[in-house]
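Please look over the sequence and the model below before reading on. The paragraphs that follow go through the structure one region at a time.

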Amino acid sequence: MTASEAPVRSAPTRRPLSADLRVGLLGSILVCLGGFSVADIPRNHPGLSSLGLDAITYGHGKTLGAIVFWVGVAAMIFAWVRLGRQLCNPAIPDSHTPSVATLRWTVLGWSVPLCLTVPLFSRDVYAYLGQGAVFVAGFDPYADGPAHHPGPVLDSMAQVWASTTAPYGPMFMAITRGVAEVSGGHVLTGVWLMRLVLLPGLLLSLWAIPRLATHFGASPKAGLWLALLNPMVLIHLVGGPHVELLMMGVLAAGLALTVQGRHVAGLTVLGLAVSIKVTAGVAIPFVLWIWLSHIRSQRPVTPTDVARVLAVVIAVPVAVFAAWTAALGLGLGWLTGLGWADQIINWFTLPTAAAHLVTLLAAPFTSLNLWPVLTVTRAIGAVSLAIILVILWWRFRRDERSAMAGLAWAMLAVLILEPSTLPWYYTWVLVVAVAFTLPGWVRAVVVGISTFMLIVFQPDDSIVFYKLPEVLLAAALSVLAAVSLVHPDPLRLGQGARRLWGRS
């Protein structure tokens, strides 16, 4: 932390942003309540009917629930933007903004209602439960899809995944099996248990993000705001819930330990992150440069140092992953499941956007099926991504700050060039970006993208990003939210209200 960023010591003052914290909490409660009307309620399961609440899932009840839900989303975004406007403003004294401890409790407070509702914006949690149920039933989830075990869980999940195999690492598959055994096939119990076992990821993030930010001289408050108070992150990852919640926390903790000089411990934790989801493995090669940078700060680096550090960087995560693989007893079958991501088609990645563009431009001359074009563009994207990752790894080798910047760019490259991208994937970049003091326009872009992703993905797992009116509305609201971060009241509504009030 630089001298200019040091906390300003003054007499205790009332936190002026406490109202925004409460507005965000109210929004989270409304999202929770409205979710029972519009979100991913289990199918063929007594659920709300046994509570006498089935009337809120159709007709006027559902309309009212939708209003409550979207007002809640708007309130969370409103509070988040107002908090960001203050927390990221260097002209505002530190004593006039909530403390790191307050922000941590705020993240937890906003998360509690989201833990109690039905799955929001995605049915992936049912797929997790389905894979766990298949495992408990004696099948291999790396070879047999959830369709091998019919029941309410299978009925509730997105049917595109009913026959697909699990793409997750051995540690997470062990978790899904445990949840399936304890829940005994009860869908809502399974959902709440899955949230419970994923929540350590949120706690680890709350521990690691301020440490990463402080280590690199960035604001820990801005880091918490960017990566955890973000409504897209909380609603999708906690309300979802998604495995990225756990992976994000373990990844951030591994990086925090590494930059603090606890290299073997950091690599061990990063090995756990890879055992949850293989994407976390992108971070491991950059640990080589961080460790060598720490040695260089004390003495010249020798070839022996490079060989020793490289060996440990490879050996520790591999050993952790191998231990989990042996404990699970299913081998490397998860490699087969990685290909199922191709089933997701959206234009948020360059290969898919390019395929859409090619078919659109070719339409006046010839009829092209999207899938063959996608095969080509995604192959080009995969080759390009591999080359870019190697270039970034070599280019950003100067010191630990450079390595963290390279890792952030690498995670962004994965998001842009992989076959498909979903909103919760953006946490891969956010937990690394907290290490840097981002320009205002970058934070505004994060606000815009986060808002857009909360609109085009609907709470019932439907999507509207191929419907032009809805996409234009989402874009307009996202731009408004982004501009509001750097320019308060861009629509001059407050000014107009004051004028009207003055005339009256």
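**A walk through the model**

Asp 461 sits in the loop that connects α20 (440-456) to α21. The structure is a predicted model, and in it Asp 461 has a positive phi of about 80° although the residue is not a glycine. Most residues other than glycine have a negative phi. With a relative accessible area of 30%, Asp 461 is partly exposed.

Phe 121 is another non-glycine residue with a positive phi, near 70°. Its place is the loop between α4 (100-116) and α5 (124-136). Is Phe 121 buried or exposed? Phe 121 has a relative accessible area of 1% and is therefore buried, the cut-off for that class being under 20%.

A further backbone feature is found at Gly 240 and Pro 241, which are joined by a cis peptide bond with omega at about -20°. Most peptide bonds are trans. Pro 241 belongs to the loop between α10 (231-238) and α11 (244-259).

These loops belong to a protein whose secondary structure consists of 22 helices and zero strands. The protein has 504 residues, and 53% of them count as buried. Among contacts between residues at least 6 apart in sequence, 75% join residues at least 24 apart. The accessible surface comes to about 21900 Å², and carbon and sulfur atoms account for 70% of that surface.

Met 404 gives a view of the interior. This residue is part of helix α18 (residues 400-417), and because its relative accessible area is 0%, Met 404 is buried. Which residues does Met 404 touch, leaving aside those up to four places away in sequence? They are Leu 212, Phe 216, Leu 255, Ile 290, Val 432, Ala 435 and Phe 436. For one of these, Leu 255, the separation from Met 404 is 149 residues in sequence and 9.0 Å in space, C-alpha to C-alpha.

Ser 484 is a second buried position, and lies in helix α21 (residues 468-486). Its relative accessibility is 12%, so Ser 484 counts as buried. Not counting residues up to four places away in sequence, Ser 484 touches Val 81, Arg 85 and Pro 490.

Helix packing can be followed at α7 (residues 170-183) and α12 (residues 263-276), whose axes come within 5 Å and cross at roughly 65°. On the α7 side the contact is made by Pro 170, Met 171 and Phe 172, and on the α12 side by Leu 272, Ser 275 and Ile 276. By class, the contact of α7 with α12 has five nonpolar residues, one polar residue and no charged residues.

Helix α7 also holds a salt bridge, between Glu 181 and Arg 177, with the closest N and O atoms 3.6 Å apart. Both residues lie in α7, four residues apart, about one turn of the helix. Glu 181 is partly exposed at 46% relative accessibility, and Arg 177 is partly exposed at 32%.

How many salt bridges does a search of the whole structure find? The search finds six. One salt bridge joins the side chains of Asp 20 and Arg 82, at 2.7 Å from N to O. Asp 20 lies in helix α1 and Arg 82 in helix α3 (residues 59-87), so the pair ties together parts that are 62 residues apart in sequence. Asp 20 counts as buried because its relative accessibility is 5%, whereas Arg 82, at 32%, counts as partly exposed.

Asp 399 and Arg 398 form a further salt bridge, their closest N and O atoms being 3.6 Å apart. Asp 399 has a relative accessible area of 24% and is partly exposed, while Arg 398, at 56%, is exposed. Elsewhere, Arg 299, Asp 305 and Arg 308 are linked in a network of salt bridges.

The last stop is on the surface. Leu 25, Ile 29 and Leu 33 make a nonpolar surface patch of about 240 Å². Ile 29 is located in helix α1 (residues 18-38), the helix that also contains Asp 20. At 34% relative accessibility, Ile 29 counts as partly exposed.

Notes: Residues numbered from 1 in each chain as written. Heavy atoms only, no water. Helix = DSSP H or I, 4+ residues; strand = E, 2+ residues; numbered from the N terminus. Buried < 20%, exposed > 50% of the residue type's maximum accessible area, 1.4 Å probe, protein only. Contact = heavy atoms within 4.5 Å. Areas by Shrake-Rupley, 256 points an atom, 1.4 Å probe, with all protein chains shown as cover. Axes fitted to C-alpha atoms, helices over the stretch in contact; angles between N-to-C directions. Nonpolar A, V, L, I, M, F, W, Y, C, P; charged D, E, K, R; others polar. Patch = residues over 30% accessible without salt bridge, like charges linked within 9 Å, V, L, I, M, F, W, Y side chains within 5 Å. Salt bridge = Lys/Arg side-chain N within 4 Å of Asp/Glu carboxyl O.
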